[in-house]
Amino acid sequence: MQLTYYGHSAFLVDTGTHKLLFDPYITENPLAKDIDIEAINPDVILLSHAHNDHVGDTLDIAKRCNALVYGAYEVTGWVEKNGHKRTRPMNPGGFIEADFGKLRCTMAVHSSSFKDGSYGGNPVGFVIESNGWSFYYAGDTALTMDMQLIAKQHKLDFCFLPIGNNFTMGYEDACLAAEFVKCKKVIGMHYDTFGFIEIDHKKATQHFKRKQRELTLMEIGGTLTQKKSRVAAGKNVSRKIGR
Ligand code: NI
Ligand code: MN
């Protein structure tokens, strides 16, 4: 399983059989100016909510790659209205079979509206089970007690949590969230992109260390290979990518 960071909350997760792109806000992010969106070729795009710092380049990438776009009902409706018809609407509580594995749509406590102010439905997060891996992408959210449910439903290998404070939880609450979902490996997101969410990297990583957890702050454009021994992760690797 390979993770690539494109800044803010944008990640590409390559499961070995499928490329999943999360919240691709890239060309308008000055910190991601070296990222070429033409070189990103996802099979699937997952959108946590309608805010522009998440929807970002979705239409361009989805149309070019004919990617299947997952998101809240109102978000995929907006994508369709804007000319891309390959979508799958969901809402929190949904747990479905997808081409790449299983996909759960989780609750997030935040708001959700498009750039023009139109309604974006409820913000969401996702849990993905794919090729023996399990991970949580929280989206923009506060810390919630509901996160404890995820630990009852999944055995997570790693999770993407917002840590920038102000619009989402900060790193201290994110560390508690990691405890709630029972996952030691956290990849930080939603920090440094604009003034309100700048964080002290050292303080954040040390806080996690003190709590016997691991916070990874990836370099923009950087790739991380997740390894584990307990599952034959390559089991489905030769499976053809379904459209
Ligand atoms: Ni937001
Ligand atoms: Mn945001």
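## Strand β8

How many of the 7 residues of strand β8 (residues 101–107) are buried? In this predicted model, 5 of them are buried, and the strand is mostly covered. The cut-off for buried is under 20% relative accessible area.

Strand β8 pairs with a strand on either side, β7 and β9, in the order β7-β8-β9. Its pairing with β7 is antiparallel and runs over 4 bridges. Here Arg 104 of β8 is the bridge partner of Phe 95. The two strands β7 and β8 make a hairpin, with 2 residues between them.

With strand β9 (residues 124–130), β8 again pairs in the antiparallel sense, over 6 bridges. In this pair, Cys 105 has Phe 126 of β9 as its bridge partner.

## The sheet as a whole

These strands belong to an open sheet of 7 strands, ordered β7-β8-β9-β10-β11-β12-β13. The pairing in the sheet is mixed. Its edge strands are β7 (95–98) and β13 (214–216), each of which pairs on one side only. On average, neighbouring strands of the sheet are turned by 20° against each other, direction ignored.

In a regular strand, side chains alternate between the two faces of the sheet.

## A parallel pair

Which sense of pairing, parallel or antiparallel, joins strand β11 (residues 158–162) to strand β12 (residues 185–189)? The two pair in the parallel sense, over 4 bridges. Within this pair, Leu 161 stands opposite Gly 188 of β12.

Technical notes
Residues numbered from 1 in each chain as written. Chains lettered and ligands numbered in written order. Predicted model: local features only at pLDDT ≥ 70, side-chain atom pairs only at ≥ 80, totals over all residues. Heavy atoms only, no water. Pairing = 2+ DSSP bridges. Axes fitted to C-alpha atoms, helices over the stretch in contact; angles between N-to-C directions. Buried < 20%, exposed > 50% of the residue type's maximum accessible area, 1.4 Å probe, protein only.
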